[in-house]
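Colleague: I am new to this structure. Please take a close look at how helices are arranged in it, and take me through one part and then its comparable parts in a connected way.

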Amino acid sequence: MEHLKTLLIANRAEIATRILKTARKLGIRTIAIYTEPDAASTHVSEADVAVLLPGSPAKAYIDGDEIIRIAKEHKADAVIPGYGFLSENADFARDVAAAGMAWVGPSPESIEAFGIKHTARELALKAGVPIVPGTQGLIASEEDAVKESGKLGFPVMLKATAGGGGMGLSIAHNAEEVKNSFATVKSRGENLFKNSGMFIERFYPDSHHIEVQVFGNGVGNAIHFGERECSIQRRHQKVIEECPSPFVVSHLHLREGLCSAAVRLAESIKYGSAGTVEYLVDDKTGNFFFLEMNTRLQVEHGITELCYDVDLVRLMLRQADAQLAGKGGIGGKELEALQPKEPKGAAIEARVYAENPARDYAPSPGTLQIVDWAETDDGRIDTWVHTGTVVSSYYDPLLAKVMVHRPSRDQSIKAMSETLSKSRICGPPTNLDFLVGIVEDHQFATGVTMTNFLTDFKYSPTAIDVISGGAYTQVQDYPGRPTMGRGFPHSGPMDPLAFQIANLLVGNPRGTAGLECTLDGPELLFLGAAVVSICGAPMETKLDGKPVSMWTRLQISAGQKLKIGKTTGGGCRSYLAIYGGLPSVAEWFGSKATSPGVAVGGYQGRQLAAGDLLAITRDAPEFGLEPLALPESIIPRYPSHWDIYAMVGPYEEGYLLPEDVEMIYETKWQISHNAARGGIRLIGPKPKWARPDGGEGGAHPSNVVEYGYPVGALNWTGDDPCIFPIDCPDFGGFVSSTTIIKADYWRLGQMKAGNTMQYKKVALEDALALRMRVNEFIWSIEKACLGNGNLSAIEPLDYTTLPPSAQSGYHGKAVVQHIEAKGNQPQTFYRQGGDDYILVEYGDGTFNLNHRCRVTALIKALKESKTSISFSNGLINTVGCCTSLLIYYDGTKIPQSKFISYLVDIEAQLGDLSQSKVPSRIFKLPIAFDHAKEKNAIKRYMETQRPYASYLPDNLGFVAKNNGFKRKDLVRILTQSKLITVSVGFFAALPLCLPVDPRERMNCPKMNPSRVFTPEGQVSWGGSCMALYNVESPGGYQLTGLTIPGCDYLGSKKHYSLSRPWLFEDFDQLTYYEVDEAEYERQLALFHSGRYEYQIEETVFDMAEHNKLLEDTKDEVAAIRQKQKRAQDEMQKLEDELMAKWTEEKAAGKIPMDKVEALLNDPGIEKISSPLNANVWKVVAEEGQEIKEGDEVAILEAMKLEISVRAEEGMKGKLEKLLVRPGDVVNAGDPLVLVRKG
């Protein structure tokens, strides 16, 4: 290009990406524009410059003034519009030219001439192009419409003159339908196109939609590149396109007529650039009629490029370059030389959309969890999406145009079928399977593809259409992700026993993905035949309204509805297994399990909702009429009181008083209404504790320096007990005093609000024996389901007889081994956490990087082990923190005593590490203080959670004051010090960091209560550590600045991958440099678009140098700590006063918990619960008010969203009790309103 050096692409997604490819080949600098929902689009990452558009995403791409401003600012020579948006806006084209840039497209006059359909018909007539019989001019009245339709003969089509893309059209078969359509078409024209003009044409039901690709030079010359068949349409939107048209190929001389007429039309108005002349071709006679001319690049231009070996975008850019040179356009002879003779081979295009075929092809926005296109030789896939792309509801849901090109049409059909069938898109529903059905259809193969093709085409997805998602239904598989760590939960079924049995009954491998239904299940419409089983807590189960049994194999026919209703007895979860599993659900780190807390895995990382679509296998087996069912005698029991087996540890002696330990096991604990996958709160007595505080772990005696949490641990968050199930955080800083054994995970998963439970202490030997008994029970069922055993002969699980250790009183100790300190080798504790966890803890409970170095060395030794104890034989995962390492292992493969001996041997081999050097990286990250996002988060917290506290409204100032610093001192520490990562995890790979220099270490309490919302990239301080929140999430650390996040779930951004979606590692050092709000937002936009370049320096961390610093500064540090202690005592006094005041204010209107629990257990009461962790923004309903299905009762606020809470389906009664007030914090499942059934 001589003059066109810089090009702005005034479009988005697929077409912008396609234009970029040609521009790059030509060496043209490119400017992309985008909105926030499009930040991760390929066109953004591949452009030389990408500019975020301001304003509403819905209107940003049609803000011509702003686009021209951006083009001028970045010195663009030309603007290319693609299709849609401003591509056929004559005023925008004029404004581009007026700004001194070339418009890559036809002249504004050409756009206007063909933009109004009735004037376009007149131009066609003048050029000698046949037109569809229709009215002359516009129709003014309904009476005229009926009259003119009668003259033309029915059926007719009423068309908005300014319409396009299939909008503003209506077909009428008689006068009455004309009357019904008249006002609608005029209204659509006015609303959509600001032009209510309408005309009428004869409608040909048996016809083809065929178009001709033309190209003109703007000075009177034009050529064509053959025709395309676009007859297969849905709601006048093209679905499949072909080049050449199979109808034209079978009708000699038709191509010449179509193409010569199109060229005449283009030349008659001196058309410049690419354009498409569209025809209606009568199937019976072969007669063709002009429909319209699209004055832009067409969506389906790619198949023409394949068949004619031309780059139409390149031609458009050449035309614009010639215009910039003052030549008017490409020379006539040069253009004429480009005229091809005939197409080479056959090309087919299929448009892939995110749409739900079970819901009339409604758009389906959401996250694409897997995008894997099959390779296609001699073809191409024009797309803008990749794994991790979020499809927005703002725009057309087109994901890609799949194109194949082969020597013959039959070969192209085969290639298209293979390409579509082998491509995989997981996330929201797509039309991939629908497209496969079309190209494999017999009628399509014959080439008889008229505009009514889809009218008779029968397609039904083999899937489950979710009518209602139930209370909390999500995809799970077994065992989930136990090896993942880094703040991503284990996931998997809460009750692995019922889950595995359900799979065995339908003939699946026991870990196959299924649905976990909590309290109230979903309603599902099966669009294909299936074999299913429902196991778990008893729930109302109906097939087409008739009760069906649980714990049995059920055959379901296409069209049947399965409703899993509310629980009818003990337990809270049941499981739906489907033969073949859920093939369209993506795997993430080897599992399809949902981790809703961090929004990964499963179906979009969330619970199911109405409108979701779950593909199932097409090959459901026929098992015969006799169902396979578990005998009543071996079906597990779900009581209202649970005796749960547990082992002591990891923390007990020295942390709890003997009377506290006794209290834990003698108490009949009540299960709180706050019982979920991430934590099950217990109601009961409080411990007295064996120590006054938590030392460097925190002010409360329940605090300890962060360590890895065993699944099943009883965790003391202050004085409040909480059991940690499989979705718990992987580390934290609160004491865990006892751990439920793995054999009882299934019973833990069935405990529900209002139940009671009591711990039964067992020794390790009994824990393993109980686990083997559960495993043998499952194995026996598996054999019987395979025909190798008798279900009736299986012994049921026995929970009436206590195991020996529960009777004898010998249960072992939390600390199973202790090594005294020796020289530079610290004392070491080996603490048990149930039958599958060992916590190795160094030192005396204080932060020490020497201990972190030791943790790292121990991890390395375990990973490199070639012995009988290794990650290939029994070891599962580790969680490393500053002073400890939690090791997750299989207790049935590795005896605990053998493992402890092995760990002690490794410890001896590690020796003195005080002089070691550890690989490290230094990150240089921007930090913005007092950012509006941070201020808004604090403001919202004060409005909806707690109005005043010692740390409000200035978190940063509070952290400084709490440590005897001034605000500027804290800013200096954050911008000049190095913060070393001592652990990565807790929530979405959050890095927990400690200042390297002990003089810069601080301590501060967390927010109480914790926030329901934290901005992404939030730099925060809590306890002795800095934490960086990588994603929007709840949180409790004090807000001290904003930086760039360090996590990308699906690995699409720079520095990330699908196998490594986190950034930070242990011993990484984070440093910050201050930026203002505007610069921070600029860098954050780069991160969102995948283009952010982290500044990373490889280095080593020298422990000898660090230990010298510790020695040289110890006296100075001691003085600093004394000063900090005085400041902290003062601030704690203030906080105690403010907390007491606030607590008193809340208590004035609070309902006693015992009354709440009594009402919840009343069978005449129904509760309306919070669907997620949030705070209460508004309470809409009033006590005594009549409540019926769909009535709004409250509005919650979470993650910057307002969530309306409504009465559930079938609910009817009187509002008995409001349990919340505005400003209250609620968790998922918390009751908000109690309704007395009426």
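Modeller: Over residues 1103-1137 the chain is 97% helix and 0% strand, and the C-alpha atoms at the two ends of that stretch lie 43 Å apart. The model is a predicted one. An unreviewed UniProt entry annotates residues 1103-1137 as "coiled-coil region".

Next come two helix pairs. Helix H18, residues 496-506, packs with helix H21, residues 764-785, at an angle of about 10 degrees, and their axes are 9 Å apart. Angles under 35 degrees count as roughly parallel, so H18 and H21 are roughly parallel to each other. The crossing in which H18 passes H21 is right-handed. On the H18 side, the contact is made by Leu-497, Gln-500, Ile-501, Leu-504 and Leu-505; H21 contributes Val-774, Phe-777, Ile-778, Ile-781, Glu-782 and Cys-785. Sorted by class, the contact of H18 with H21 has 9 nonpolar, 1 polar and 1 charged residues.

The other pair is helix H3, residues 64-73, and helix H4, residues 90-98. H3 and H4 pack at an angle of about 25 degrees, with axes 10 Å apart, which makes H3 roughly parallel to H4. H3 and H4 also have a right-handed crossing. Gly-64, Ile-67 and Ile-68 of H3 meet Phe-92, Asp-95 and Val-96 of H4 in the contact. By class, the contact of H3 with H4 has 4 nonpolar, 1 polar and 1 charged residues.

Conventions
Residues numbered from 1 in each chain as written. Predicted model: local features only at pLDDT ≥ 70, side-chain atom pairs only at ≥ 80, totals over all residues. Heavy atoms only, no water. Axes fitted to C-alpha atoms, helices over the stretch in contact; angles between N-to-C directions. Helix = DSSP H or I, 4+ residues; strand = E, 2+ residues; numbered from the N terminus. Parallel < 35°, antiparallel > 145°, perpendicular 65-115°, else oblique. Left-handed = near helix turned anticlockwise from the far one by under 90°. Contact = heavy atoms within 4.5 Å. Nonpolar A, V, L, I, M, F, W, Y, C, P; charged D, E, K, R; others polar. UniProt positions renumbered as here; feature names shortened; annotations may be inferred.
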